[in-house]
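User: I am new to this structure and would like a close look at a single part of it. Please take your time and explain how that part fits with what surrounds it.

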Amino acid sequence: METKEPIDQFLEYNYPNKAELLLGDTLEELKKFDDEKFNLIITSPPYNVGKEYETKTSIEKYLQFQEKVIKELIRVTSNLGSICWQVGNYVEKGEVFPLDIYYYQIFKKLGLKLRNRIIWHFGHGLHARNRFSGRYETILWFTKSDNYIFNLDDVRVPSKYPGKRYFKGKKKGQISGNPKGKNPSDIWEIVVNDWETGLWDIPNVKSNHPEKTLHPAQFPVELVERCVLALTNKDDWLLDPFAGVGSTMIAALKNNRNSIGIEKEHDYVKTANERIKNLREGNLKLRPINKPIHQPKPTDKVAQVPKEWLSLFEKA
Ligand SMILES: C[S@@+](CC[C@H](N)C(=O)[O-])C[C@H]1O[C@@H](n2cnc3c(N)ncnc32)[C@H](O)[C@@H]1O
């Protein structure tokens, strides 16, 4: 069955900017770039949780390697540039280690300035038994200097109350909002995968939903797009040092930016290149940026108490 969700049609094919995937170890590949080449580095590094692409080690060893990578990344970031570091938690025997707290200290020690700690909130995921279920990860946005690119107007979202006016003071009666919309704030509601919203509409949803690939830890293209639009200008260069299946490259190309991705797994590089080809040929299905998240109506079957539970409710 086809999804009812609207899908970007990409009528302007053949995105002309460059998108290059390098197969190899990021620390080695990074040494090949000139200082200050990139205006934005955006990535989701491995979390050291034992996914198929990583060998779990102690948190100390994991962070030692990452610190070496971060030093190289800072070298290749331009003075106007930003680094966006998207992470969740490392978990050891049920104890949670919030990775952004560890990473913040590394970036701060190396002289970067935090501009936002963005909460990426998603409504679905595994249900925990011995703690509250995790429903957010974070993006640490750092800049190298105080003079950095920030195009707020390019990422404004529709205002909830566009007709609101100042009710006192010199501007009393004047419209208080911005016709281009409001600042999207530091809490972002972006679904992990398109099928999570489609699930409510399509009872027998297929596993081959629009963005999902073979990668077990993809981030949504939409998440990257907001950073790309706000933190870079047209034709700038972006880098993803842990590129996976190329979500950053897709977001960059779609918004007329050049990009390089580094990834050590051959199969992910292959998939990334296929996705880029599909985008250029107009065949890549993506969730449109800023599309509202689907809310089930009270009349939808999934939003109602199942008949098997009704007797429990009556007894209470
Ligand atoms: C969290 S995933 C990134 C997924 C990516 N954001 C996407 O949407 O596809 C981290 C990726 O880093 C890669 N990786 C881990 N260590 C690496 C290294 N030393 N050099 C290059 N790639 C590495 C893994 O293979 C994995 O694909």
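How many bridges join strand 9 to strand 10, and in which sense do the two strands run?

Analyst: In this predicted model, strand 9 and strand 10, the latter covering residues 258–263, run parallel and are joined by four bridges. One of the contacts between them can be followed residue by residue, since Trp-237 has Asn-258 as its bridge partner in strand 10. Between the two strands comes helix 6, residues 247–254, and together strand 9, helix 6 and strand 10 form a β-α-β unit that is right-handed.

Strand 9 also has a partner in strand 2, which covers residues 38–43: these two pair in the parallel sense, over two bridges. Here Leu-40 is matched with Leu-238, its bridge partner in strand 9.

The faces of strand 9 deserve a separate look. In a regular strand, side chains alternate between the two faces of the sheet. In strand 9, residues 237–240, Trp-237 and Leu-239 lie on one side while Leu-238 and Asp-240 lie on the other, and all four are buried, which leaves both faces covered. Two residues already met as bridge partners thus return here on opposite sides, Trp-237 on one and Leu-238 on the other.

The ligand brings in some further residues. It is surrounded by 19 residues, and those that come nearest are Thr-26, Tyr-53, Phe-242, Gly-244 and Ser-247. Sorted by class, this shell is made up of eight nonpolar, six polar and five charged residues. Ser-247, one of the nearest, is also where helix 6 of the β-α-β unit begins, as that helix covers residues 247–254.

For a contrast with the two covered faces of strand 9, one can turn to helix 2, residues 59–76, whose 18 residues should span 26 Å at 1.5 Å a residue, in agreement with the 26 Å that separate its end C-alpha atoms. Its buried residues are Tyr-62, Gln-66, Ile-70, Leu-73 and Val-76. Seen down the helix axis, these buried residues fall within an arc of 110°, so they line one face of helix 2. On the other side of helix 2, the residues Glu-60, Lys-61 and Gln-64 are exposed.

Notes:
Residues are numbered from 1 along each chain as its sequence is written. This is a predicted model: local features need pLDDT of at least 70, side-chain atom pairs count only at pLDDT 80 or more; totals for chains, interfaces and linings use all residues. A residue is buried if 20 or more other C-beta atoms lie within 10 Å of its own, exposed if 12 or fewer, and partly exposed in between; C-beta atoms are placed from the backbone. Two strands pair if DSSP finds at least two bridges between them. A crossover is right-handed if, with the strands pointing away from the viewer, the path from the first strand over the helix to the second runs clockwise. A residue is near a molecule or strand if its C-beta atom, placed from the backbone, lies within 6 Å of it. Ala, Val, Leu, Ile, Met, Phe, Trp, Tyr, Cys and Pro count as nonpolar, Asp, Glu, Lys and Arg as charged, and the others, Gly among them, as polar. The expected span of a helix is 1.5 Å times one less than its number of residues. The arc is that of the directions from the helix axis to the C-beta atoms.
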